[in-house]
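Thank you all for coming; I would like to walk you slowly through a structure that is new to most of us. Please have a look at it first, and then we will go from the whole chain to its interior.

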Amino acid sequence: IRFSKVENRLSADFSASRGSPPLRVAVASVFSPKETVQHYRAIADFLGRKLHRPAILIQRKSRGEIGTLLINGGADVAFMSTGTYAIFRRVEGLEVLVSQKRMGRPYYRGCIIVPADSPVRTVGELEGATVAFVDPTSYSGYTYFFEALAGSGKPPEIFLRHGLFTYNHDKSLRAVADRLVDAAAIDEVAYENARLHNPEV
C-alpha cells in the first residue's frame, strides 16, 4: 500500500463528500494481504458510493482484532468469517446484514491438506504432526480440524507435536507446499483458488 496515495485519495473523497464522515470497513487478511485489499477495496468503495461517504478500508491481521474493532466503535461495518461471527454473535449491538455465497453456494467446507506425496489419508494419521492453522476464531482454518479430530480420544495438545497460526489461508497452504508443516486446515475456497491460479502449488 502506498500510503501517500491513500492519504491523497482520502483528502479528495472528503472534499467531494463535503466532509461526510468516512465509512470505516474492517477486514482481516483472509487470503494474502494484497489479494484481500484488492477484493475488499472494491466492495468498500461500492458501499461508500451508495452511502455518499468516503470509504476507508481497515485491514487487520486476525479475525479477533476485527471483532474487537467493531465492538469498540473503531469500524462501522466488518467482514467476519463464520467462526468469528459465532464467537461475537451474542454481543449486543452487532447485527448480520448479509451473508455471501462462495463458489455459488451459501456454505463452504473446511479442508485438511497435506503434501501430495504424503502417505497421510485421515486426520487420525496426523498424530505427532505439525499443523498450520489460520486463526483461533476461524471455523474452516481451526475449529474444523478439532471437530474432525474428536474421535481420536486424545486432546489436541497431546495429539499434535506442534500447531502454529499463519493468520491467512494462503500462508497455511504455502506452509504445506514448502513442507514447513505436515498439514494445514484451510477453507475450500482457498484450496480451489490455488488449484485454479497456482496449480504448481
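Let me begin with a term: a residue is called buried when its relative accessible area is under 20%. What you see is a predicted model, and of the 201 residues of its chain, 36% count as buried. The chain exposes about 12,000 Å², of which carbon and sulfur atoms supply 54%.

As for the fold, the secondary structure comes to 8 helices and 7 strands, and among contacts between residues at least 6 apart in sequence, 71% join residues that are at least 24 apart.

Turning to the interior, the largest nonpolar core has 13 residues, and those touching the most other members are L126, V131, F133, F145, L149 and L160. Strand 5 (130-133), helix 5 (139-149) and strand 7 (183-187) each give two or more residues to this core, with the largest share, 3 residues, coming from helix 5. Apart from this core lies another one, of 10 residues, which includes C111, I113, A184 and A194.

Which residues of helix 5 are buried? They are S140, G141, F145, F146 and L149, and these buried residues pack against strand 4 (110-113), strand 5, helix 6 (156-159), helix 7 (169-177) and strand 7. At the N-terminal end of helix 5, S138 acts as a cap, with a side-chain oxygen 2.8 Å from the backbone nitrogen of G141.

Finally, leaving aside neighbours within four places in sequence, L160 is in contact with L126, G128, A129, V131, F133 and F145.

Notes: Residues are numbered from 1 along each chain as its sequence is written. This is a predicted model: local features need pLDDT of at least 70, side-chain atom pairs count only at pLDDT 80 or more; totals for chains, interfaces and linings use all residues. Side-chain values use heavy atoms; hydrogens and water are left out. A nonpolar core is a set of buried Ala, Val, Leu, Ile, Met, Phe, Trp, Tyr and Cys residues joined through side-chain atoms within 4.5 Å. Buried means under 20% relative accessible area, exposed over 50%, partly exposed in between (1.4 Å probe, protein chains only). Helices (H or I, at least four residues) and strands (E, at least two) are DSSP runs, numbered from the N terminus. Contact means heavy atoms within 4.5 Å. Accessible areas come from the Shrake-Rupley method with a 1.4 Å probe; for residues, only the protein chains shown count as cover. A polar contact is a pair of N or O atoms within 3.5 Å; within protein, one must be able to donate a hydrogen and the other to accept it, and residues adjacent in sequence count only if both atoms are side-chain atoms.
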